[in-house]
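Okay, everyone, let's get started. I'd like to talk about charged side chains today, so have a look at this one with me.

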Amino acid sequence: MAKMELLCCFSIFMMVQVLSTVLAADNPCENYKTITDAWRNVFNNAPNSRKCDSSNVDYRYSISTGLRGGYWYRVMGLAGNKLADTCVGPVGKICGTKYPMWLQGGHPTIPNIKVRRRMCGNDGSESCCGFATARSIFVDVMKCPRGYFVYKLPQISLSCSNSPFTYCTGNP
């Protein structure tokens, strides 16, 4: 009987370990890529360098950032600690691109709740959200228990030929 109880307890322990490992792999707060590019930060007024976060880059007009969609990302280091969530500009003089993108609707305040936000792109219009390419981009955002944010960035296949755009980052 003691062997059976020991085997049962060991089996339960192993199931908990496997489940914990699976949950950690699926938890975006534990499993993310990082964005650390200083040129993305809104406080870095680097001139327009034609960088673009799309996978559809015409290298005659823009430079690929290498950012791949479909993954969860955390903003860290010289990039700051989150995506910009207010209008950024001026156009062509910030975030290393012509059209800087920012998160419309702000960041969630409750941990472990995923929200969907639309990206805005500043094209110099009064609305600060006139860049049509950015308006069709939606990002999932989650506040993690330790206070940082993670973002599931989509794969963007829109052309960057004459309209390079990037996600802008910054500090609160």
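Quick bit of vocabulary before we go in: I'm calling it a salt bridge when a side-chain nitrogen of Lys or Arg sits within 4 Å of a carboxyl oxygen of Asp or Glu. And keep in mind that this is a predicted model.

By that rule D85 and K82 pair up, with N to O at 3.3 Å. K82 is buried, at 13% relative accessibility, while D85 is partly exposed at 23%.

Searching the whole structure gives five salt bridges. Another of them joins R116 and D140, at 3.0 Å from N to O. That one ties together distant parts of the chain: R116 is in strand β7 and D140 in strand β8, 24 residues apart. R116 is exposed, at 53% relative accessible area, and D140 is buried at 10%. Then there's a little network, where salt bridges with shared partners connect D37, R40 and D53. Within it, the closest N and O atoms of D37 and R40 are 2.9 Å apart. R40 is buried, with just 1% relative accessible area, and D37 is partly exposed at 27%.

Now for R117, which is also in strand β7. Which side chain of opposite charge is nearest to R117? It's D85, but that's 8.3 Å away, so with a 4 Å cut-off R117 has no salt bridge, although it's buried. What R117 does have is the backbone oxygen of G105, 3.2 Å from a polar atom of its side chain. Setting aside close sequence neighbours, within four places, R117 also contacts residues including L103, I137, F138 and V141.

Technical notes
Residues are numbered from 1 along each chain as its sequence is written. This is a predicted model: local features need pLDDT of at least 70, side-chain atom pairs count only at pLDDT 80 or more; totals for chains, interfaces and linings use all residues. Side-chain values use heavy atoms; hydrogens and water are left out. Helices (H or I, at least four residues) and strands (E, at least two) are DSSP runs, numbered from the N terminus. Buried means under 20% relative accessible area, exposed over 50%, partly exposed in between (1.4 Å probe, protein chains only). Lys and Arg count as positive and Asp and Glu as negative; His and the chain ends are not counted. A polar contact is a pair of N or O atoms within 3.5 Å; within protein, one must be able to donate a hydrogen and the other to accept it, and residues adjacent in sequence count only if both atoms are side-chain atoms. Contact means heavy atoms within 4.5 Å.
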